[in-house]
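Hi everyone, thanks for making time. I'd like to walk you through one model today, so please have the viewer open and follow along.

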Amino acid sequence: MSVIPLEHILILASILFVIGFVGVIVRKNTLYILMSLEVMLNAVGVAFIGAGSVWQQADGQVMFILILTLAAAEVAVGLALLLQMQTRFKSLDIDLLSKLKG
Amino acid sequence: MTLTMLYSLLPILIIAFGCVLSLLLIAWRRSQHLILFFTLAILTSALIASLLMQFDVSQAVQVTLLLKVDGYGHFAFILVLLASIAVSLLSSRWLQNSIEVHDEYFVLLQLVVLGAGIIVMSDHFGALFLGFELLSIALVGLVGYCKVSQYSVESSFKYLILSATASSFMLLGIAFIYSQTGVLSFNVINEQISYGVFYQAGLLLFLVGIAFKLSLAPFHFWTPDVYQGSPTPVTLLLASVSKVAMFVVLMKCWFSQLALFAVVPKGAGIFFIMGLLAVLSMLVGNVLALKQQNVKRLLAYSSIAHMGYLLIVLMIIAPQSISLAWQSALFYLSAYVLATVSIFMALQLTQNNDELMGEINEWQGLFWRSRMLALLIIVAILSLAGIPLTMGFIGKFYLLNLAVEAQQWWLIAALIIGSGIGLFYYLRIIFVLFLTEKNVNVEQIKWLNNMSFFHRTTIFVLTFMGVFLGVFPDSLALVLTLL
């Protein structure tokens, strides 16, 4: 079994990250924006696990677990805001949130 | 874990303990005043603990791999604590107007302070990440705290999405750096590693993440909206605590990598990018501030410019001037925090009800109604503008000194042009204070005449500090040389 080179892992992580980032920018529905944020964070997780296994250290996996915790906390706050938005605007369109200008 | 380590972590431990105790306190009795006094007690005891600490950078204590407690970190934490004490004093007035009991607010506030404490002491990307998220997620809650406000959902959603994006960028950067070096500590000097394209990309992504949080120029779009949409005390928290913590950790990280930039031939590129960010922030921040009518938005743009000025300290190359760079940065940050706290104090005291939106025109003729408040605003504004005999001037002088030493002529030019533009909008606020008023707000006058003794003392102390430290800057500069 051949070893996967580190570059390939990092390139895969970058591609996933870009997909997530494009999702955050392009999507209009806030729920999908939150999901795209998850994709970005998990792409980072792939990079960490790959790097950790190349260096034969646990650090990469520790960071991944921390990232999972972060993702959960962020989604909790995000969904709370989402509910508030739904009750107030009856819609999840991000364009409704553009009152602040100056 | 030895006793010395625990002792050097004492301020952070007090705050962490305070968070848990506050939750227990809430379970026992829900009272606005009780939790406010408890928060103030926790913050004050942490402040006393860090003041008692030995200020000595040679005695920097490495607490496990994750944290490193040194004099600079302590000084930054003292600034953070002072700012958050001001925030809790301001919030007490804002929260009194509502009927509900808001004790979660103070728990979130303590979590923000804890996150800032971990950030300024961190010496490891893992600790940096933990502190960063503690700070950001608690701040998202605080930004959207005032549910009745029409802007709460919008500003907190914007802050959530942008800070989550920023932290993903930062994390990807850390992952790339880790994949090349194999170490998550800040100071890694290993000659055998090839610092190739992935390492540089990682460093760049890391900088992007930090620049989002510091709201440096191409990444500043969230700042004015979030500043305007959040409650005034929370805006103060965003402007002071989060900025100080992020800048201090950026400096720590940058200076530990400095030896590396000298080794790597392509190191000049990263200096170029940093310089570009600095120049852009100074110009964009100052130019966009010109047309603002809202005090909070104006301060948001001015904070972009100030962070741009501060980036000058990162441009030094000679390792022997690092301590000078730290002194300048901490002096500038103290001046910035004092001025910001003063202005937001004034803003909160004049916004006696929710109808007032913090437009500059609401301050029209304030000098004739409340001399003390107007004086406080004038001292703070002059300090932000960098007029001689204020702290801001001395801070800018430090920065110019560093820039000349590093021979960054473009940055000096941008600093001078930026400050020139800045005078225009800063002086407009002072001008408005002296105008005779057209529409008299009776309620505001009544409130200003009935200010409590406590508020008067706070205003007096802030004004006095601004004047004293401006006239005798040595008193603070001497402390900084001891660090």
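Let's begin with two helices, one from each chain. The axes of H1(A) and H7(B), the latter covering residues 152-181 of chain B, come within 12 Å and cross at roughly 170 degrees. Angles over 145 degrees count as roughly antiparallel, so H1(A) is roughly antiparallel to H7(B).

Which residues meet there? On the H1(A) side they are A:Leu6, A:Leu10, A:Phe17 and A:Val24. On the H7(B) side you'll find B:Ile161, B:Thr165, B:Leu172, B:Phe176 and B:Ser179. Sorted by class, this contact has seven nonpolar residues, two polar ones and no charged ones.

Now, a word on confidence, since this is a predicted model. The predictor gives the complex an ipTM of 0.95 and a pTM of 0.92. For chain B, the average pLDDT is 86, and 91% of the residues score at least 70.

Let's step back to the whole interface. Here 34 residues of chain A are in contact with 37 residues of chain B. Which elements of chain A give two or more residues to that side? They are helix H1 (6-26), helix H2 (30-55) and helix H3 (59-89). The largest share comes from H3(A), with 14 residues. As for chemistry, the side of chain A that touches chain B divides into 24 nonpolar, six polar and four charged residues.

Next, two helices inside chain B, with a quick check on geometry. Take H12(B), residues 295-310: at 1.5 Å a residue, its 16 residues should span 22 Å, and the end C-alpha atoms are indeed 22 Å apart, so the two values agree. H12(B) is also mostly covered, with 16 of its 16 residues buried.

The same exercise works for H8(B), residues 197-214. Its 18 residues should span 26 Å at 1.5 Å a residue, and the end C-alpha atoms are 26 Å apart, which agrees. H8(B) is mostly covered too, with 13 of its 18 residues buried. Right after H8(B) comes B:Ser215, which has a positive phi, near 50 degrees.

Speaking of positive phi, here are two more residues for you to click on. A:Gln56 has a positive phi of about 60 degrees although it is not a glycine. A:Gln56 sits in the loop between H2 and H3 of chain A. Is A:Gln56 buried or exposed? It has 8 other C-beta atoms within 10 Å, so it is exposed.

Then there is B:Leu389, again not a glycine, with a positive phi of about 70 degrees. You'll find B:Leu389 in the loop between helix H15 (371-385) and helix H16 (391-406) of chain B. B:Leu389 has 13 other C-beta atoms within 10 Å, and therefore counts as partly exposed.

My last stop is B:Val112, in helix H5 (residues 104-121) of chain B. Why does B:Val112 count as buried? Because it has 28 C-beta neighbours inside 10 Å, and the cut-off for buried is 20 or more. Leaving aside residues up to four places away in sequence, B:Val112 touches B:Leu135, B:Ala138, B:Leu139, B:Leu237 and B:Val241. If you'd like a distance to try in the viewer, B:Val112 and B:Val313 are 26 Å apart, C-alpha to C-alpha, and 201 residues apart in sequence.

That's my tour, and I'm happy to take questions.

Methods: Residues are numbered from 1 along each chain as its sequence is written. Chains are lettered from A and ligands numbered from 1 in the order in which they are written. This is a predicted model: local features need pLDDT of at least 70, side-chain atom pairs count only at pLDDT 80 or more; totals for chains, interfaces and linings use all residues. pLDDT is the predictor's confidence in each residue, from 0 to 100. Two residues are in contact if their C-beta atoms, placed from the backbone, lie within 7 Å. Helices (H or I, at least four residues) and strands (E, at least two) are DSSP runs, numbered from the N terminus. Ala, Val, Leu, Ile, Met, Phe, Trp, Tyr, Cys and Pro count as nonpolar, Asp, Glu, Lys and Arg as charged, and the others, Gly among them, as polar. The expected span of a helix is 1.5 Å times one less than its number of residues. A residue is buried if 20 or more other C-beta atoms lie within 10 Å of its own, exposed if 12 or fewer, and partly exposed in between; C-beta atoms are placed from the backbone. Axes are lines fitted to C-alpha atoms, for helices over the stretch in contact, and angles run from 0 to 180 degrees between N-to-C directions. Angles under 35 degrees count as roughly parallel, over 145 as roughly antiparallel, 65 to 115 as roughly perpendicular and the rest as oblique.
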